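The exercises below ask you to read a fold, its metal sites and its packing directly from a set of coordinates. Each task is followed by a solution that goes step by step.

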Amino acid sequence: MDKHEQHDDHNETWHMGHAESEQVLEDIAFYRTLIANVVFIGKPDDDWILIDCGIANYAKRIREAAEKRYGDRPPKAIILTHGHFDHVGSADKLADYWKVPIYVHPAEMDYVTGKRDYPVGDATVGGGLFSILSPFFPTKPVNLSRYIHPISTEGELPFLKGWRIIHTPGHTPGHISLFRESDRMLIAGDAIITVKQESSMAVFIQHQHVHGPPAYFTPDWEQAEESVKKIAHLQPKVVVTGHGLPMEGELLSEQLQELAANFKELAVPKHQNKLH
Ligand SMILES: [Zn+2]
Ligand SMILES: [Zn+2]
């Protein structure tokens with residue numbers, strides 16, 4: 001056992017039993033790292049891709065969940081929907097272990113290579129979640145320079161047939177979602193989420209409802225609104241988001257269209273309603 005893994009084990013109290021992903025479709029599964037989801041794309045006997053890397057100290061559990069599904073085959077690549085700490089926390093350890101590249105949108109590069117910091121979260125809309133998350137807040141800027149590559153948003157990716165990268169900024173400048181036309185499957189990251197992150201209870205009860213991006217870390221609400229409209233326009237049939245449980249069908253499309261049509265009322269924090 002290496003030093004990293006010993007460090008992982010310090011937080012083993014969070015860990016009830018063996019890590020296991022939940023399957024959404026034959027080739028889509030997700031695994032929740034305390035509050036943030038990581039997504040596996042690929043059938044159990046096929047090549048696969050990891051989307052996002054959860055909070056820190058979850059590398060070992062993400063690997064466990066992956067190994068349960070894929071055996072000891074490493075993923076072809078890691079793709080980050082964006083660079084927030086709850087999505088990249090275990091990225092360096094996983095890339096290091098699997099020796100695989102990590103891809104992000106070009107506009108997100110600076111934030112995951114130690115060049116820029118995200119704006120500080122707006123604590124006035126943070127509510128109880130901050131205290132829950134505080135042990136996982138990063139103490140230094142994320143630097144994944146050794147593994148990171150800009151992702152191409154044009155056409156298909158060679159290792160991800162049938163999927164399109166959709167730029168969905170607002171929550172962060174280089175936020176992306178992934179969409180597969182054939183079955184209208186959407187991996188939305190934090191562009192929309194299905195649990196209200198401002199309510200710490202909902203995070204654990206996992207009420208399903210389509211919400212705008214987590215308010216406390218979203219600096220550009222105008223772009224966030226455009227991104228939600230872009231997503232609504234895609235008319236996804238199934239969605240897996242960065243936070244909360246997957247949603248599908250009527251409930252998803254109704255709530256998504258409602259959010260897109262009434263974004264300012266439903267998603268933008270009141271004191272930020274005046275858009276710049
Ligand atoms: Zn985020
Ligand atoms: Zn998040």
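Two strands are taken to pair if DSSP finds at least two bridges between them. The model is predicted, and the exercises should be read with that in mind.

**Exercise 1. Trace the pairing from strand 1 to strand 4, and place these strands in their sheet.**

Step 1. Begin with strand 1 and strand 2 (residues 28-33), which run antiparallel and are joined by three bridges; here Leu25 stands opposite Ile28 of strand 2.

Step 2. Continue to strand 3, which is antiparallel to strand 2 and joined to it by six bridges, with Phe40 of strand 3 as the bridge partner of Ala29. The hairpin that these two strands form has two residues between the strands, and in it Leu34 takes a positive phi near 55°.

Step 3. Strand 3 also pairs with strand 4, again in the antiparallel sense, over three bridges, and Ile41 has Ile49 of strand 4 as its bridge partner.

Step 4. Extending the trace gives an open sheet of seven strands in the order 1-2-3-4-5-6-7, whose pairing is mixed. Strand 1 (22-25) and strand 7 (148-150) each have a single partner strand, so one side of each is left without a neighbour in the sheet. From one strand to the next, the twist averages 30°.

**Exercise 2. Determine which helices lie across strand 4 and whether the faces of strand 3 are covered or not.**

Step 1. Helix 2 (residues 59-70) lies across strand 1, strand 2, strand 3 (36-41) and strand 4 (49-51), and runs at about 30° to strand 3.

Step 2. Helix 4 (residues 91-98) lies across strand 4, strand 5 (77-79) and strand 6 (102-104), running at about 165° to strand 5.

Step 3. For strand 3, examine each side in turn: Ala36, Val38 and Phe40 on one side, and Asn37, Val39 and Ile41 on the other, are all buried, so that both faces are covered, given that buried means under 20% relative accessible area.

**Exercise 3. Work out which residues hold the two zinc ions and which residue bridges them.**

Step 1. For the zinc ion (ligand 1), the protein donors are His82 (NE2), His84 (ND1), His171 (NE2) and Asp190 (OD), which lie 2.1 to 2.3 Å from the ion. Along the sequence these donor residues are spaced H-x1-H-x86-H-x18-D.

Step 2. His82 lies in the loop between strand 5 and helix 3 (85-88), whereas Asp190 lies in the loop between strand 10 (185-189) and helix 7 (200-205), so the pair ties together parts that are 108 residues apart in sequence.

Step 3. For the zinc ion (ligand 2), the protein donors are Asp86 (OD), His87 (NE2), Asp190 (OD) and His243 (NE2), at 2.0 to 2.5 Å from the ion; their spacing along the chain is D-H-x102-D-x52-H. Asp190 and His243, the latter in the loop between strand 11 (238-241) and strand 12 (247-248), are 53 residues apart and link distant parts of the chain.

Step 4. The bridging residue is Asp190, and the zinc ion (ligand 1) and the zinc ion (ligand 2) lie 3.3 Å apart.

Step 5. Ideal angles for four tetrahedral donors are 109.5 degrees. The angles among the four donor atoms are 89 to 174° at the zinc ion (ligand 1) and 85 to 157° at the zinc ion (ligand 2). The site of ligand 1 is irregular, and that of ligand 2 is irregular too.

Step 6. Finally, check the accessibility of the donors: His82 has a relative accessible area of 0%, Asp190 counts as buried at 1%, and His243 is buried as well.

**Exercise 4. Locate the largest nonpolar core and identify which helix gives the most residues to it.**

Step 1. The largest nonpolar core has 33 residues, and those with the most contacts inside it are Phe40, Leu50, Ile78, Leu80, Ile102 and Leu144.

Step 2. Strand 2, strand 3, helix 2, helix 4, strand 6 and helix 5 (109-112) are the elements that give two or more residues to this core, and helix 2 gives the most, with five residues.

Step 3. Apart from this core lies another, of 23 residues, among them Ile192, Met247, Ala260 and Ala267.

Key: Residues numbered from 1 in each chain as written. Chains lettered and ligands numbered in written order. Predicted model: local features only at pLDDT ≥ 70, side-chain atom pairs only at ≥ 80, totals over all residues. Heavy atoms only, no water. Helix = DSSP H or I, 4+ residues; strand = E, 2+ residues; numbered from the N terminus. Axes fitted to C-alpha atoms, helices over the stretch in contact; angles between N-to-C directions. Contact = heavy atoms within 4.5 Å. Donors = N, O, S within 2.8 Å, 3.2 Å for Na, K, Ca; no water. Tetrahedral: all angles 85-135°; square planar, octahedral: opposite > 155°, others 65-115°. Buried < 20%, exposed > 50% of the residue type's maximum accessible area, 1.4 Å probe, protein only. Core = buried A, V, L, I, M, F, W, Y, C linked by side-chain atoms within 4.5 Å.
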